[in-house]
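The following paragraphs lead through one protein chain, from its overall form to individual side chains. Please keep the sequence and the structure in view while reading.

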Amino acid sequence: MSKTILTIDTKIQRQYSITIDKSEYELRDPRELTPFQRLKYPQIAKRLQELEAAESQSETEAAEADTLLAQVCAMIVDAPGPVLAKLTASQRLMIVGVYATLQRERVATKAAHPATTRSRKRR
């Protein structure tokens, strides 16, 4: 009897989408992010929190926040660059906030309902 140590799903079905200017764009599943994006995302999120926590923002910091939000939106929204470029910083922040909430809920659901391990008999 072998013990499964890794399960890989190659077919990822996206569950959520957003509408921008009456067109629907899907949010990427976290499993679709590249290894680099998976490493970069928490770093960007941390920096955005630092910028948000500041009592005041300089023009440079505001521009940095907008750039970081644009990078995250490009990672998580399956939309053409020109569509994403039209978004304001506030709109990008809304998208990132929704995505983060969905991911927290996904993690909480997994923690509340851990996968059951099935034993398989070899024939």
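A residue is called buried when its relative accessible area is under 20%, exposed when that area is over 50%, and partly exposed in between. E32, at 29% relative accessibility, therefore counts as partly exposed. The model is a predicted one, and the values discussed below are computed from it.

The overall form may be considered first. The protein chain contains 4 helices and 2 strands, and along the sequence these elements follow the pattern β-β-α-α-α-α. The C-alpha atoms fill a box of roughly 65 × 35 × 25 Å along the principal axes. The radius of gyration of the protein chain is 18 Å, whereas a compact globule of 123 residues would have one near 14 Å. Of these 123 residues, 25% count as buried. The accessible surface amounts to about 9,800 Å², and carbon and sulfur atoms contribute 53% of that area. Among the contacts with a separation of 6 or more, 51% are between residues 24 or more positions apart.

The segment before strand 1 (17–20) includes I5. I5 has a relative accessibility of 79%, and it therefore counts as exposed. Together with L6 and I8, I5 makes a nonpolar surface patch of about 400 Å².

The two strands come next. Strand 1 pairs with strand 2 (residues 23–26) in the antiparallel sense, over 4 bridges. One of the paired positions is S17, whose bridge partner in strand 2 is E26. The two strands form a hairpin, with 2 residues between them. What is notable about the backbone of D21 in the turn? D21 has a positive phi of about 50° although it is not a glycine. K22, likewise not a glycine, has a positive phi of about 70°. For context, most residues other than glycine have a negative phi. K22 lies in the loop between strand 1 and strand 2, as does D21. With a relative accessible area of 58%, D21 is exposed; K22, at 84% relative accessibility, also counts as exposed.

Charged side chains add further links. How many salt bridges does the count come to? The count comes to 9 salt bridges. In one of them, R14 is joined to E32, with the closest N and O atoms 2.6 Å apart. R14 lies in the segment before strand 1 and E32 in the loop between strand 2 and helix 1 (35–53), so this pair ties together parts that are 18 residues apart in sequence. R14 has a relative accessible area of 21%, so it is partly exposed. E32 is also partly exposed, at 29% relative accessibility. Both residues belong to a network of salt bridges that links R14, E26, R28, E32 and D78. E26 thus appears in two settings, because it is the bridge partner of S17 in strand 2 and a member of this network.

The hairpin turn takes part in a salt bridge as well. The side chains of K86 and D21 meet at 3.2 Å, N to O. This pair links distant parts of the chain, 65 residues apart: K86 is in the loop between helix 3 (81–85) and helix 4 (89–112), while D21 is in the loop between strand 1 and strand 2. Both K86 and D21 are exposed.

A further salt bridge is formed by E64 and R47, whose side chains meet at 2.8 Å, N to O. Here the linked parts are helix 2 (residues 59–76), which holds E64, and helix 1, which holds R47; the two residues are 17 residues apart. E64 counts as partly exposed at 28% relative accessibility, and R47 counts as partly exposed at 26%.

Helix 2 also contains Q71. Q71 has a relative accessible area of 35% and is therefore partly exposed. Between Q71 and E59 there are 12 positions in sequence and 18 Å in space, taken from C-alpha to C-alpha.

Terms used:
Residues are numbered from 1 along each chain as its sequence is written. This is a predicted model: local features need pLDDT of at least 70, side-chain atom pairs count only at pLDDT 80 or more; totals for chains, interfaces and linings use all residues. Side-chain values use heavy atoms; hydrogens and water are left out. Patches are made of residues with over 30% relative accessible area and no salt bridge: like charges are joined within 9 Å, nonpolar side chains (Val, Leu, Ile, Met, Phe, Trp, Tyr) within 5 Å. Accessible areas come from the Shrake-Rupley method with a 1.4 Å probe; for residues, only the protein chains shown count as cover. A salt bridge is a side-chain nitrogen of Lys or Arg within 4 Å of a carboxyl oxygen of Asp or Glu. Buried means under 20% relative accessible area, exposed over 50%, partly exposed in between (1.4 Å probe, protein chains only). The radius of gyration is taken over C-alpha atoms; the globule rule is 2.2 Å times the number of residues to the power 0.38. Contact means heavy atoms within 4.5 Å. Two strands pair if DSSP finds at least two bridges between them.
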